[in-house]
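User: I should like to learn how to read the contacts in a structure. Where should one begin?

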There are 2 protein chains.
Amino acid sequence: MLTVGEFSRICQVSIKTLHYYDRIGLLVPIKVDPSSGYRYYGQQQVERMLLIGRLKRYGFSLEDIRVLLDCKEEGVLRGRLCQQREKLKFKQREMELVISELSAHLQNFERTGDIMGYQKEYDIDVTNTPDMVVIASRQMMGVKEFGNYYSGLYERMAREHLTPDGLRGAVYYDQEFNHECSDIELIVGVRETEKADKTMKGRLCAKTIHKGPYSSLSDAYGALVAWIENHGYAWDGAPYELYVKTQFDSLAPEDWETEVYFPVRKK
Amino acid sequence: MLTVGEFSRICQVSIKTLHYYDRIGLLVPIKVDPSSGYRYYGQQQVERMLLIGRLKRYGFSLEDIRVLLDCKEEGVLRGRLCQQREKLKFKQREMELVISELSAHLQNFERTGDIMGYQKEYDIDVTNTPDMVVIASRQMMGVKEFGNYYSGLYERMAREHLTPDGLRGAVYYDQEFNHECSDIELIVGVRETEKADKTMKGRLCAKTIHKGPYSSLSDAYGALVAWIENHGYAWDGAPYELYVKTQFDSLAPEDWETEVYFPVRKK
DNA sequence: CATTGACTCTCCCCTTAGGTCATGCTGTAT
DNA sequence: ATACAGCATGACCTAAGGGGAGAGTCAATG
């Protein structure tokens, strides 16, 4: 039997951490002296503690770890580990992207001496957009669930024998932008007018093209809004994006292209 | 002038976030109606908000960002960006390591069906260690500051014309392990007995070799402690590590080797 | 003018994974 | 018996907001 101090030295974790793990039920001492409250740990708990440390490095939350360790099915365990590996790989790719973004920013900064320089390079103009015949799916959804809902639309297209015309986009109806859950309508352009959900009437829009990953899309929004204000227009309806070049064209995120439209009227 | 709602839609951040940024002084509306408390933002603040979002992606804390944006010197700004890029690259390398560790773990798990299998592969035995003639530097230090203190020792070796014998290690005196700040003594073996700080007398130790990055070193500690208990020995003194193969031998972290020693006596 | 509905305000509590005192009790060695 | 190391609990703190309650405000409509 080991006291907290001994146990903490062996496992290389702080006593506070052990107190905490006891409190949340992740690692409960085998014995607690009822009169003094002293905690005593057993040999075999060293193993558990080390495993906890490992899983923590793998990026699991303590809650996840508790569930994992209490779960006896080997398959589930293996599944969760695999899944976590994929998550880490994904995060790594994301980080790669951020680094390249930062590098580009730095270059731009050194060239122009303006820390916001990159943002002024949007070409913006006002056009009358053509009508778009689309099927649509409007829902409260998070930005990350786009994939799920899009696949729903494509499934439906297959079922109803619709022909895509290459148009893909999203309309943002929401008043306030919320990363996790917003009122968003995904649209896919189709040929069959009669079977489509609706025709989005052409209208006057301020438009620009955003090149690069979606993480910096809001730069385009900012540029557009500034332009609209400065050129005597007023914002008039839900903005939308069309995804012109994306990962589905097997392009790297730096080469993606997104058109951003803001419906406007002359002030 | 824009209301919070409008501003939040344009910049794609939540109203809550804007409230928060106002509160911490990171982005203060150009006007606040004194009677109603309503916030009004200006055009030019869109730019600032977007830049904040960017810097946040780059991994800066909001406090950092506030300082950065208020700092007018271009050089400082560029320096911080460069520095942050290096930090991100470092984190990326670390993540790479974790992924490879997880992959190895998974393989081991699938082979043995034992989630702790990897941990049982330490070869442990008891040896009488030889005397070690060392110069030493004992301090409260964090694990990450090893580099600083080691370089101090090497500097001193150069100054006093000491000859290293290839031994490098650290003794852990502390009762409780604390990542940030522990009582650790760094030691470097030298040839000149008379000029050395001390001779660490050889004595009975349980020993094992840990292969791989330092993040999983505590596995070795755990294995040793379990072994000591199970084989009728008692722990008797401050444990220490010797770094046998490290990054200074230009090896990848997977190939590093560390010897871990626990002084023991027969029970 | 009054009402409605959308918008906004502040205030308070909650999250993760513990860290940092402060104060008081316990165990053991001398 | 006493000193001192070790241990306990509890309160408060972190970063970056999210969620909700309850109340006030703005603009358009009847």
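Analyst: A residue is near a strand if one of its heavy atoms lies within 4 Å of it. This is a predicted model, in which local features need pLDDT of at least 70 and side-chain atom pairs pLDDT 80 or more, while totals for chains, interfaces and linings use all residues. Residues are numbered from 1 along each chain as its sequence is written, chains are lettered from A and ligands numbered from 1 in the order in which they are written, and side-chain values use heavy atoms, without hydrogens and water.

User: Which residues come nearest to DNA strand C?

Analyst: There are 21 residues around DNA strand C, and Ser14(A), Tyr21(A), Thr3(B), His19(B) and Arg39(B) come nearest. Of the strand's atoms within 4 Å of the protein, 76% belong to sugar or phosphate and the rest to bases.

User: How far is the side chain of His19(B) from a phosphate oxygen of DNA strand C?

Analyst: An N or O atom in the side chain of His19(B) is 2.7 Å from a phosphate oxygen of the strand. For Lys16(B), a side-chain N or O atom is 3.5 Å from a base nitrogen of DNA strand C.

User: How many salt bridges are counted between chain A and chain B?

Analyst: A salt bridge is a side-chain nitrogen of Lys or Arg within 4 Å of a carboxyl oxygen of Asp or Glu. Between chain A and chain B the count is 4. One of them joins Glu101(A) to Arg57(B), with the closest N and O atoms 2.4 Å apart.

User: How many residues does each chain bring to the contact?

Analyst: Contact means heavy atoms within 4.5 Å. Chain A gives 59 residues and chain B gives 59 residues.

Note on methods
A polar contact is a pair of N or O atoms within 3.5 Å; within protein, one must be able to donate a hydrogen and the other to accept it, and residues adjacent in sequence count only if both atoms are side-chain atoms.
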